[in-house]
Amino acid sequence: MSSAQDPFYIVREEIQESIDKLQSTFHRWEQTASNTGEYVHLTKELLISCESIEWQVDELEKTISVASRDPAYYGLDEVELSRRRNWTGSSHKQVGTVKRAIEKGKSNAATSKYQDTSRTNHYSAQDNDDFLSSESDRQLLLMRQQDEELDELSESVQRIGGVGLTIHEELSGQERILNDLSLEMETTSNRLDFVQKRVAMVIKKAGIKGQIMLIVFLIVLFIILFVLVFLT
């Protein structure tokens, strides 16, 4: 199966796009002042994205675990499995780095906000009202933008979930085919054992001419069985 058709690479591409978007948003977050509404919005967006990507990578690791039980059956080898594990490990590391930085930034922002509040208690009531009104409008706008981005993220998760379900169904179908083939081979083997035992008994009872006739008969029977088992 080529990389373009392999469900693993289809899902990996979706996740990689999410990671690239996460990194881009994280760079914006780093350059945004911690005392602004945009900083709060970006913080929430980044944490939600981190949780979603971590879940997606975990699901992908489950498929790798299933394939590792019988790599040859899925057309894989240890090199390919190792390459896939390295990618998921790297993805977890990237997301983890961003998540830790955000959580640390939230803590620092909370401390800074408390200090700023203590220093600005002398503001007049009118100034506070104007600030709160402006900040409320800004928060409403940011919330609308966040809702739109969450809708896009939800659609992406649904697409990935659909691909994961397809992978599961394909693996289940292949497992059923393998079980049927194993049962058929076992039945054929039992039949051959029975024939061999019967032939051995007949050979003991037959003379030389009879044995020659039996050998010819067995050759013909073997050819017929070979055609039935391997060519049909």
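**Exercise 1.** Is Arg159 buried, partly exposed or exposed, given its relative accessibility?

*Solution.* The model is predicted: local features need pLDDT of at least 70, side-chain atom pairs count only at pLDDT 80 or more, and totals for chains, interfaces and linings use all residues. Residues are numbered from 1 along each chain as its sequence is written, and side-chain values use heavy atoms, with hydrogens and water left out.

Step 1. Buried means under 20% relative accessible area, exposed means over 50%, and partly exposed lies in between (1.4 Å probe, protein chains only).
Step 2. Arg159 has 45% relative accessibility and therefore counts as partly exposed.

**Exercise 2.** Determine which residue forms a salt bridge with Arg159, and where the two partners lie.

*Solution.* Step 1. A salt bridge is a side-chain nitrogen of Lys or Arg within 4 Å of a carboxyl oxygen of Asp or Glu.
Step 2. The partner of Arg159 is Glu14, with the closest N and O atoms 3.6 Å apart.
Step 3. Arg159 belongs to helix 4 and Glu14 to helix 1, so the pair, 145 residues apart, links distant parts of the chain; helices (H or I, at least four residues) are DSSP runs, numbered from the N terminus.

**Exercise 3.** Examine the salt bridge between Glu54 and Lys99.

*Solution.* Step 1. The closest N and O atoms of Glu54 and Lys99 are 3.5 Å apart.
Step 2. Because Glu54 lies in helix 2 and Lys99 in helix 3, the pair ties together parts that are 45 residues apart in sequence.
Step 3. Lys99, at 17% relative accessibility, counts as buried.
Step 4. Glu51 joins Glu54 and Lys99 in a network of salt bridges.

**Exercise 4.** Compare the accessibility of the salt-bridge partners Glu80 and Arg83.

*Solution.* Step 1. Their closest N and O atoms are 2.3 Å apart.
Step 2. Both residues lie in helix 3, three residues apart, about one turn of the helix.
Step 3. Glu80 counts as buried at 11% relative accessibility, whereas Arg83 is partly exposed with a relative accessible area of 42%.

**Exercise 5.** Identify the residues with the most contacts in the largest nonpolar core, and the helix that supplies its largest share.

*Solution.* Step 1. A nonpolar core is a set of buried Ala, Val, Leu, Ile, Met, Phe, Trp, Tyr and Cys residues joined through side-chain atoms within 4.5 Å.
Step 2. The largest core has 26 residues, of which Ile15, Leu22, Trp29 and Ile53 touch the most other members.
Step 3. Helix 1 (7-30), helix 2 (37-68), helix 3 (78-119) and helix 4 each supply at least two residues of this core.
Step 4. Helix 2 gives the largest share, nine residues.
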